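Please open the structure in your viewer and keep the selection panel at hand. The tour goes from the whole chain to the ligand and then to a single residue.

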Amino acid sequence: METRHWVLIGVVALLLAAIISYLILKYACRKPVANIWNYLFCIFFFWTWIFNIYETPKKRRERLKKAGVKEGQVIVDLGCGPGRFVFLAARLLGPQGKVYALDIHPLHTAIVAARAAIGGHKNVSVMHADCCATQLADEAIDLIFINDAFHEFDKIGCLKEAARILKADGILAIYEHEMKEAKFLDIVEGAKLFTLMEKEKRLYKFRPLREG
Ligand SMILES: C[S@@+](CC[C@H](N)C(=O)[O-])C[C@H]1O[C@@H](n2cnc3c(N)ncnc32)[C@H](O)[C@@H]1O
């Protein structure tokens, strides 16, 4: 058999393994999983490498700082993917701080967990969950960071959960470039749970609105 046939067999085998693992997780284990296209796409990790070239660690660190990430805070990265921001945040937060890295995609959380173990990042806590049901305590979080993921979420469900877990003086920082700005702001402000505090290009910072 020629090399190209082996390559084809390899790709088909990977695809089948991905689809089978998706079905097992979703229906047999009843775990939260991302939609099938996102799941398949992420299996091949192409986007991770492409984004890493386009968005250098320096650019990502700057975005975290602009979002308001500071030493000693407890933050959550909702829809953290394979952790492009998680470990940069962990360094900015220092040993007194903590970052919860949450994603619905089991492969992503597995990658972040492996990276945290290999790198010895004690202030990274990985959560495999839906952003609408984080299991975090009420008002436990100083800053919620959502990078390039809000458009994939159940938006109102996520905003309600964000309002629950965020401290009264906390920050909801969303970097969103997929949605049109007017529609995005309409949804976030329309939910009447947050008010826009600052915006720089596609990075939006909101404060929670508390009753009374
Ligand atoms: C485009 S990726 C962005 C990943 C990461 N924030 C970054 O910038 O590299 C969107 C992420 O959101 C996650 N996601 C989608 N729906 C989710 C949900 N309901 N709860 C938690 N994570 C979710 C996906 O699994 C995926 O990892």
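Two residues are in contact if their C-beta atoms, placed from the backbone, lie within 7 Å. With the whole protein chain selected, 69% of the contacts with a separation of 6 or more are between residues 24 or more positions apart. This is a predicted model, in which local features need pLDDT of at least 70 and side-chain atom pairs count only at pLDDT 80 or more, while totals for chains, interfaces and linings use all residues. Residues are numbered from 1 along each chain as its sequence is written.

Next, colour the chain by domain: an automatic or database domain assignment gives domain 1 (3-50) and domain 2 (56-208), and their centres, taken over C-alpha atoms, are 26 Å apart.

Now select the ligand together with the 17 residues around it, each having its C-beta atom, placed from the backbone, within 6 Å. Gly79, Gly81, Ile104, His105 and Cys131 come nearest.

Finally, go to Ala168, which sits in strand β5 (residues 166-175), strands being DSSP runs of E with at least two residues, numbered from the N terminus. Is Ala168 buried or exposed? Ala168 counts as exposed because it has 9 C-beta neighbours inside 10 Å, where 12 or fewer is the limit for exposed and 20 or more makes a residue buried. Setting aside neighbours within four places in sequence, show Glu139, Pro208 and Arg210, with which Ala168 is in contact. Then add Asp142, 26 residues away along the chain, whose C-alpha atom is separated from that of Ala168 by 8.7 Å.

Terms used:
Helices (H or I, at least four residues) and strands (E, at least two) are DSSP runs, numbered from the N terminus.
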